[in-house]
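Visitor: Could you take me through a close look at the aromatic rings in this model, and at the parts that surround them? I would enjoy one connected tour.

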Amino acid sequence: MNTANNTLPTAADWAGEDAAPDAADTRKIERESHKLEKRLCREVGRAITDFNMIEEGDKIMVCMSGGKDSYTLLDILRKLQKRAPVKFDIVAVNLDQKQPGFPEHVLPDYFKSIGVQYHIENQDTYSVVKRVVPEGKTTCSLCSRLRRAILYKVADDQGCTKLALGHHRDDIVATLMLNMFYGGRMKGMPPKLVSDDGKHVVIRPLCYVPEKDTARWAQYQQFPIIPCNLCGSQDGLQRVAVNEMLREWDKKFPGRIESMLRAMGHVVTTHLMDPHLHDFKNAKATGIADPNGDMAFDHEEFPVAPALPGLQVVQLG
């Protein structure tokens, strides 16, 4: 591990890529599972390194919904914990919101089977949401606010220094699109943030991981998935439509979602329109050459996407 001479750990240190693959993996499904596990560990390790998500002595509260993403997050963090360049603890936390038919035994049974420290918080937010939100309206906004406040309190009670959420790459890009389409702003999900009360640090270690990888890993591991019947199954949500659009893009234009994610980390504020980020009003010619200045009349080249079968690309000039 790259920890000598007080150098910072690298993504390779987190992923443990120097470990030799299991020679017994001979069947195709085992080989694919092994490759996927290495990729997940590598991408989560890269995110942790890039954004300094986990530090020596941290106690990470992994927020567990019972969905494929939170199961994957917990599983990969536990794998990294065994070979990480820093020591940290994990506690898995589930908020039982008392939804009708919620299988309350599933998560505790799973936590016990893998030997992880856990806490189940019982709060009847379901009744609150149903009482307050008119019939036919989406419940996501109120539900998330109630859940956030409760989880912050649990983090304090459990002595946790970080809260880890299972949002993946596609969630982050979808949030950017939703804010652009419906909110008139460029805003996504940051990989790491300080809460509005200034007391908590929230991290998203799956920020580089595509949703299809969490789905495959959940299938390989046969996690006991619990569907969300309160908000996730509501029809007509804008997020559902955006997610469908992104999935279609991913099929037709491989690499587009990844490029959008990279764009979120390469923001050129001088070429947007936010006067709070750049002083457009006072921009004046100085007569001094600036190699980073704008070349307004230059044609910007972009990579040419491969044409789809049956489609003809026409360049307008």
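Guide: Let's begin with a term: a residue is buried if its relative accessible area is under 20%, exposed if it is over 50%, and partly exposed in between. By that rule, 36% of the 317 residues of the protein chain count as buried. Please keep in mind that this is a predicted model. The protein chain has 10 helices and six strands. Among its contacts between residues at least 6 apart in sequence, 76% join residues at least 24 apart.

Now to the rings themselves. A pair of aromatic rings is described by the distance of the centres and the angle of the planes. The count for this model comes to seven aromatic pairs. One of them joins F51 and Y208, with 6.1 Å from centre to centre and 40 degrees between the planes, a tilted arrangement. F51 belongs to the loop between α2 (28-50) and β1 (59-63), while Y208 belongs to the loop between β6 (201-203) and α8 (211-221), so this pair ties together parts that are 157 residues apart in sequence. How do the two partners stand with respect to the surface? F51 has 31% relative accessibility and therefore counts as partly exposed, whereas Y208, at 14%, counts as buried. A second pair makes a nice contrast in geometry: the ring centres of F181 and Y182 are 6.4 Å apart and their planes stand at 80 degrees, so this pair is edge-to-face. F181 is partly exposed, with a relative accessible area of 43%.

Y208 has a further neighbour worth a look. R46 lies over the face of the Y208 ring, at 3.8 Å from the ring centre. A similar entry can be found elsewhere: R256 lies over the face of W249, at 4.8 Å from the ring centre.

Staying with the loop that holds F51, you will find N52 there too, between α2 and β1. The phi of N52 is near 50 degrees, a positive value in a residue other than glycine. N52 is partly exposed, with a relative accessible area of 40%.

Let's turn to the aromatic cluster, which is formed by Y71, Y110, F111, Y118 and F223. Y110 is a good place to stand while looking around. This residue is found in helix α4 (residues 106-114), and its relative accessible area of 12% makes it buried. Leaving aside residues up to four places away in sequence, Y110 touches Y71, L74, F223 and P224. Y110 and F223 are 113 residues apart in sequence, yet their C-alpha atoms are 8.6 Å apart in space.

The helix around Y110 fits into the picture as well. In α4, the residues V106, L107, P108, Y110 and F111 are buried. The buried residues of α4 pack against α3 (68-81), β2 (89-96) and β3 (118-122). Just after α4 comes G115, which takes a positive phi of about 75 degrees. Another positive phi, of about 55 degrees, belongs to Q222, although Q222 is not a glycine. Q222 sits in the loop between α8 and α9 (238-252), and at 68% relative accessibility this residue counts as exposed.

Helix α8 also holds D213. At 5% relative accessibility, D213 counts as buried. Its contacts, not counting residues up to four places away in sequence, are with L36, R39 and L40.

One contact of Y110, L74, leads us into the nonpolar interior. The largest nonpolar core has 51 residues, and those touching the most other members are I54, V62, L74 and L77. Beyond residues up to four places away in sequence, L77 touches V44, I48, I54, V62, F88, I90 and A164. Apart from this core lies another, of 13 residues, with C63, I150, L151 and C160 among them.

I150 takes us to a last stop, a pair of helices. On one side, T125, V128, V129 and V132 of α5 meet L142, C143, L146 and I150 of α6. The axes of α5 (residues 125-132) and α6 (residues 140-158) come within 10 Å and cross at roughly 150 degrees. The crossing of these two helices, α5 and α6, is right-handed.

Terms used: Residues are numbered from 1 along each chain as its sequence is written. This is a predicted model: local features need pLDDT of at least 70, side-chain atom pairs count only at pLDDT 80 or more; totals for chains, interfaces and linings use all residues. Side-chain values use heavy atoms; hydrogens and water are left out. A nonpolar core is a set of buried Ala, Val, Leu, Ile, Met, Phe, Trp, Tyr and Cys residues joined through side-chain atoms within 4.5 Å. Buried means under 20% relative accessible area, exposed over 50%, partly exposed in between (1.4 Å probe, protein chains only). Contact means heavy atoms within 4.5 Å. Rings of Phe, Tyr and Trp (its six-membered ring) pair if their centres lie within 6.5 Å; planes under 30 degrees apart count as stacked, over 60 as edge-to-face and the rest as tilted. Helices (H or I, at least four residues) and strands (E, at least two) are DSSP runs, numbered from the N terminus. A charge sits over a ring if NZ of Lys or CZ of Arg is within 6 Å of the ring centre and within 35 degrees of the ring normal. Axes are lines fitted to C-alpha atoms, for helices over the stretch in contact, and angles run from 0 to 180 degrees between N-to-C directions. A crossing is left-handed if the near helix is turned anticlockwise from the far one by less than a right angle, and right-handed if clockwise.
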